[in-house]
Amino acid sequence: MTHAPHPTDQRPIQVVAHRGASEEAPEHTLAAYRMAIEQGADALECDVRLTADGHLVLVHDRRVNRTSNGRGAVSALELADLAALDFGSWKDREESPDWDAEEAGEPDPERTSVLTLERLLELVADAGRPVDLAIETKHPTRWAGQVEERLLFLLKRFGLDAPPAGGHSPVRIMSFSARSLHRVRAAAPTIPTVYLMQFISPRMRDGRLPAGVRIAGPGMRIVRNHPGFVKRLQAQGHSVHVWTVNEPEDVQLCADLGVEAIITNRPGRVLSQLGR
């Protein structure tokens, strides 16, 4: 009896570092992304937000309170304000409650400085091997469409706004906002878009996605509770990129379902579980 070729027989599952190797280094820092590249991650995931003076920075939350020693909304702060904050020491304190900044000595800017998208694009350009980017736009924001505009401008500057002839695009743009993805497609139709989902909305139960979107981004909880939904997405011809996949049994489930990408805080461990 011959078995049908498994989707993963053709191309290995892409392992995407969620905010960098964020289990081991502070999320969205240069240290986290450098570590992910060293561990062999196929792609890097990041969230982008626009500062008050028009810079795209990598910060997940609307406010900086959780991941820095400052307060306030990213959109109301200028890049210089963010550059003065420490975006890494919370991680050290979380890991060892008796951690002392005095004893730790001079902070390592690669672990503590806010990271701009521009700096991440430079890191990827210098990686010495192909590394994809999965860039998430965060909405709602007071800057609305300016986020996508600035993002596409920057990608164009780095020559990443269109895939090489006949090749695959090294960048994709993800969002929970269908409107954000629509803006991207209208301005740059060759950049792949990913529709992120925290739950399955009734009108998408049959595996449909917003017009023009070819990649579904379901959360791991959806995949665990509704594996049949993944099959429906695949039956509609969509790729499936799952977030955030950290536990070995979840990695195995994603592999069994033949998803195209796993977004994880532990790229090194996931790669070795997948035998790479």
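**Packing, charge pairs and backbone features of the predicted model**

In this predicted model, Ile135 touches Cys46, Val48, Leu117, Leu151, Leu155, Val171, Arg172, Ile173 and Met174, when residues up to four places away in sequence are not counted. Ile135 belongs to the largest nonpolar core, which holds 33 residues, and together with Leu44, Leu117, Leu120 and Leu155 it touches the most other members of that core. At least two residues of this core are supplied by each of the following elements: helix H2 (30–39), strand S2 (43–50), strand S3 (56–58), helix H7 (117–125), strand S4, helix H8 and strand S5. A second core, separate from this one, consists of 27 residues, among them Ile13, Ala216, Ile222 and Val223.

Helix H9 shows how a single helix can be divided between a buried and an exposed side. The residues Ser180, Leu181, Val184 and Arg185 of H9 are buried, and, because the buried residues fall within an arc of 135° when seen down the helix axis, they line one face of H9. The face turned away from this buried side carries Arg179, Ala186 and Ala187, which are exposed. The cover over the buried residues of H9 includes strand S4 (132–137), helix H8 (146–157), strand S5 and strand S6 (193–197).

Helix H9 is also joined to helix H8 through charged side chains. Glu148 and Arg183 form a salt bridge in which the closest N and O atoms are 3.1 Å apart; since Glu148 lies in helix H8 and Arg183 in helix H9, the pair ties together parts that are 35 residues apart in sequence. The two partners differ in their surroundings: with a relative accessible area of 2%, Glu148 is buried, whereas Arg183, at 25% relative accessibility, counts as partly exposed.

This pair belongs to a wider set, for a search of the whole structure finds 16 salt bridges. In another of them, the side chains of Arg266 and Glu23 meet at 2.6 Å, N to O. This pair links distant parts of the chain, 243 residues apart, with Arg266 in the loop between strand S9 (261–264) and helix H13 (267–273) and Glu23 in the loop between strand S1 (14–18) and helix H2. Arg266 counts as buried at 15% relative accessibility, while Glu23, at 25%, counts as partly exposed. A further salt bridge is formed by the side chains of Arg208 and Asp206, at 3.1 Å, N to O, and here Asp206 counts as partly exposed, with a relative accessibility of 31%. Salt bridges that share partners also join Arg19, Glu27, Asp47, Asp61, Arg66, Glu136 and Lys138 into one network.

Arg19, a member of that network, is found in the loop between strand S1 and helix H2. Although Arg19 is not a glycine, its phi is positive, at about 60°, and the residue is buried, with a relative accessible area of 13%. His28 lies in the loop between S1 and H2, and it too is a residue other than glycine with a positive phi, in this case near 65°. At 4% relative accessibility, His28 counts as buried.

Another backbone feature concerns the peptide bond joining His139 and Pro140, which is cis, with omega at about 0°. Pro140 is found in the loop between strand S4 and helix H8.

Aromatic rings take part in two further arrangements. A search of the whole structure finds one aromatic pair, formed by Phe176 and Trp243, whose rings are edge-to-face, with 5.8 Å from centre to centre and 85° between the planes. The pair links distant parts of the chain, 67 residues apart: Phe176 is in the loop between strand S5 (171–175) and helix H9 (178–187), and Trp243 is in the loop between strand S8 (239–242) and helix H12 (248–257). Phe176 counts as partly exposed, at 35% relative accessibility. In the other arrangement, the charged end of Arg142 sits over the ring of Trp143, 5.6 Å from the centre of that ring.

Methods. Residues numbered from 1 in each chain as written. Predicted model: local features only at pLDDT ≥ 70, side-chain atom pairs only at ≥ 80, totals over all residues. Heavy atoms only, no water. Phe/Tyr/Trp six-rings, centres within 6.5 Å; stacked < 30°, edge-to-face > 60°. Helix = DSSP H or I, 4+ residues; strand = E, 2+ residues; numbered from the N terminus. Buried < 20%, exposed > 50% of the residue type's maximum accessible area, 1.4 Å probe, protein only. Lys NZ or Arg CZ within 6 Å of the ring centre and 35° of its normal. Arc of directions from axis to C-beta. Contact = heavy atoms within 4.5 Å. Core = buried A, V, L, I, M, F, W, Y, C linked by side-chain atoms within 4.5 Å. Salt bridge = Lys/Arg side-chain N within 4 Å of Asp/Glu carboxyl O.
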